[in-house]
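Trainee: Could you walk me through this model before I go back to the bench? I would like to start with the loops and then move on to the ligand.

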Amino acid sequence: MNEKSIMVELSDLAARLSTHALVTVFDDDPQRINNLGIQAPGMFADFSKQRIDKKALDCLLKLAELRDLTGFFARMRAGDTVNTSESRAAQHMALRAPEGARSLAQGKTIAPLVEAERNKMRLFANKLRAGKIKGITGRPISTLVHVGIGGSDLGPRLLAQALRRFSAPGITLRFAANLDAADINDALEGCDPETTMVVVVSKTFSTRETLANANVARAWLVQHLGENASSKHMIAVSSNLAAIREFGIAPDNVFTMYDWVGGRYSLWSAVGLSLMAGLKEGAFDEVLAGAAAMDTHALNTPVRTNAPLLSGLISYWNQNFLGMQTRAIVPYASRLALLPSYLQQLIMESNGKSVQAAGAPADHAASPIVFGAEGTNAQHAFFQHLHQGRHPVPVDFIGFVQDQEHNPSQHRGVLANMLGQSRALMIGTQGDNIEPQKTMPGNRPSTTLLLDALSPFCLGALLAFYEHETVTLAVLCGVNPFDQWGVELGKHVALDLQGRLENADTDGIDPSTTALIERITKPL
Ligand code: F6P
């Protein structure tokens, strides 16, 4: 079967399935839950409520074969140059590989670098938790203010909140990302400078937001502790050692990132330093272990029973054949409120592209528009649209079997809501006696990821699951999931406008921006 005939068949199957009630496909295939319910590390992934059947799946599997999906994963893990526009490897899996595993990037051995950096992180974290890292006045550091943005912020921030139950006693983590100075001001508010350390995280060490916030933090330290404060109160995580030196952070206070890992795939590197230190000993290693277990599953399982790769095939199918361009992420855990933001960057910055890696226009969409919020809150926000809006939105429901709050009744309530919503979206309500406004069309697809617990291991596995799903979509559509050229234009234009705002300069600018500059720069 060639690509053209696969596409024709997928279109035919999609047309047929859209007239088929989702509930009836269970009758057509009594083995459906066994075929589409997959046990993966830390989770049971149930794809059986997706609007897909065996024929469509077989066809998608043929496409995956044609695109050499498993070959791409093998090449990525081998350290080949899969990020072609930047001539780099994408070795995020090496960062969480068990010690002793062989890892290369573009032919060069990187395993010793990974292990050395991980050991350096562990040493720092252990010393910090033991009160052995002292500030300039001799008092132990107990607060870390993590300054970074995008991939240098979202992962540690997400997991610090999600894993609160595993927090190291006595250590406080704060985060600042936004260029709005309120963010760094809020992060520093109430901190005791003598016991605070600022961790500046930026792969490039050129990101405006991060440098601006780092400057504010440094000024705050200097104001309270004197000129030498940064030697004991500032550390950096970056791949740009020259820029760190220029900023004035001593080489001894630097943790290294490498260009073979992209920002949004970098939680597992020294980007996770403040998270590692803020969690109890061993918890961050468990995050890595969960991700590594998902890597093994992704690399070694046939696509048909490979949870993240199958999820990628289904997302590709939903977007390009069922016409569903959006995707809702709804974790049923209040501590996972930041998961949708994390996944927005992972999925949309990786795959929001219309040109293939080789330069040709992409025929298919690799990135849905991702939004979401934590259940049950989301049910009182956008779920009305999910049940009755004109545009069906596939949903990822994420739940946890274990009750960690020792409140079985509320925990059961949370899970009942999750199951209830996915079932209601599938079955809808129709009938002669139901008023039209109260009719729900049903037939709305969802995936349920049922995790064992809100634990470091399971969350590591969950984030790796979405990384592999994202790469799968990119491979199917031929885009490069590791670059982000689109973000650059906005940065350049903002830089130009910063100068124009300072000088009220509207020369050669469009009328809309001119009018806005005039209003902003006009004295009040
Ligand atoms: O948003 C663009 C981006 O380049 C992301 O890919 C990255 O995670 C973020 O900015 C931060 O970059 P850096 O770590 O270099 O400061």
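**Loops, ligand and backbone**

Mentor: Let us begin with a side chain that reaches a backbone atom: in this predicted model, a polar atom of the S266 side chain lies 2.5 Å from the backbone oxygen of G263.

Trainee: Where is S266 found, then?

Mentor: S266 is in the loop between β9, residues 254-256, and α13, residues 273-278.

Trainee: And is S266 buried or exposed?

Mentor: S266 has a relative accessible area of 0%, and because buried means under 20%, S266 counts as buried.

Trainee: What about S202, where does that one sit?

Mentor: S202 belongs to the loop between β7, residues 196-201, and α10, and S202 is buried as well, with a relative accessible area of 3%. A polar atom of the S202 side chain lies 2.9 Å from the backbone nitrogen of F205.

Trainee: Switching to the ligand, how many residues surround it, and which are the closest?

Mentor: The ligand is surrounded by 15 residues, and the closest are S152, S202, T204, T207 and E349. By type, the shell around the ligand divides into two nonpolar, nine polar and four charged residues.

Trainee: Which atoms lie at what distance from the ligand oxygens, say for T204?

Mentor: For T204, a polar side-chain atom lies 2.6 Å from an oxygen atom of the ligand. With K203 the partner is a backbone N or O atom, which lies 2.8 Å from an oxygen atom of the ligand, while Q345 places a polar side-chain atom 3.2 Å from an oxygen atom of the ligand.

Trainee: How much of the ligand does the protein bury?

Mentor: Taken alone the ligand exposes 390 Å², and the protein buries 89% of that. The space that the ligand takes is the largest pocket, and the elements giving two or more residues to the shell around the ligand are α16, residues 339-351, and α20, residues 485-503.

Trainee: Going back to the helices, what can you tell me about G155?

Mentor: G155 lies in helix α8, residues 154-162, and counts as buried at 2% relative accessibility. Along the sequence G155 and G272 are 117 residues apart, yet their C-alpha atoms are 7.7 Å apart in space.

Trainee: And N215, which helix is that in?

Mentor: N215 is in helix α10, residues 208-225, and is partly exposed, with a relative accessible area of 35%. The C-alpha atom of N215 is separated by 9.0 Å from that of F247, with the two positions 32 residues apart along the chain counted as their spacing.

Trainee: One more topic, the backbone: what should I know about the peptide bond from G375 to T376?

Mentor: That bond from G375 to T376 is cis, with omega near 10°, and T376 is found in the loop between β11, residues 369-372, and α17, residues 383-388. As background, most peptide bonds are trans, and most residues other than glycine have a negative phi.

Trainee: Which phi does H406 have, and where is H406 placed?

Mentor: H406 has a positive phi of about 55° although it is not a glycine, and its place is in the loop between β12, residues 395-400, and α18, residues 408-427. At 68% relative accessibility, H406 counts as exposed.

Trainee: What about N443, buried or exposed?

Mentor: N443 is buried, with a relative accessible area of 14%. N443 also has a positive phi, of about 65°, without being a glycine, and is found in the loop between α18 and β13, residues 446-451.

Note on methods
Residues are numbered from 1 along each chain as its sequence is written. This is a predicted model: local features need pLDDT of at least 70, side-chain atom pairs count only at pLDDT 80 or more; totals for chains, interfaces and linings use all residues. Side-chain values use heavy atoms; hydrogens and water are left out. A residue is near a molecule or strand if one of its heavy atoms lies within 4 Å of it. A polar contact is a pair of N or O atoms within 3.5 Å; within protein, one must be able to donate a hydrogen and the other to accept it, and residues adjacent in sequence count only if both atoms are side-chain atoms. Accessible areas come from the Shrake-Rupley method with a 1.4 Å probe; for residues, only the protein chains shown count as cover. On a 1 Å grid over the protein atoms alone, a cavity is a set of points where a 1.4 Å probe fits but cannot get out, and a pocket is an open set with protein on both sides within 12 Å along at least five of seven lines; lining residues have an atom within 4 Å of a point. A molecule sits in a cavity or pocket if more than half of its atoms lie within 2 Å of its grid points. Helices (H or I, at least four residues) and strands (E, at least two) are DSSP runs, numbered from the N terminus. Ala, Val, Leu, Ile, Met, Phe, Trp, Tyr, Cys and Pro count as nonpolar, Asp, Glu, Lys and Arg as charged, and the others, Gly among them, as polar. Buried means under 20% relative accessible area, exposed over 50%, partly exposed in between (1.4 Å probe, protein chains only).
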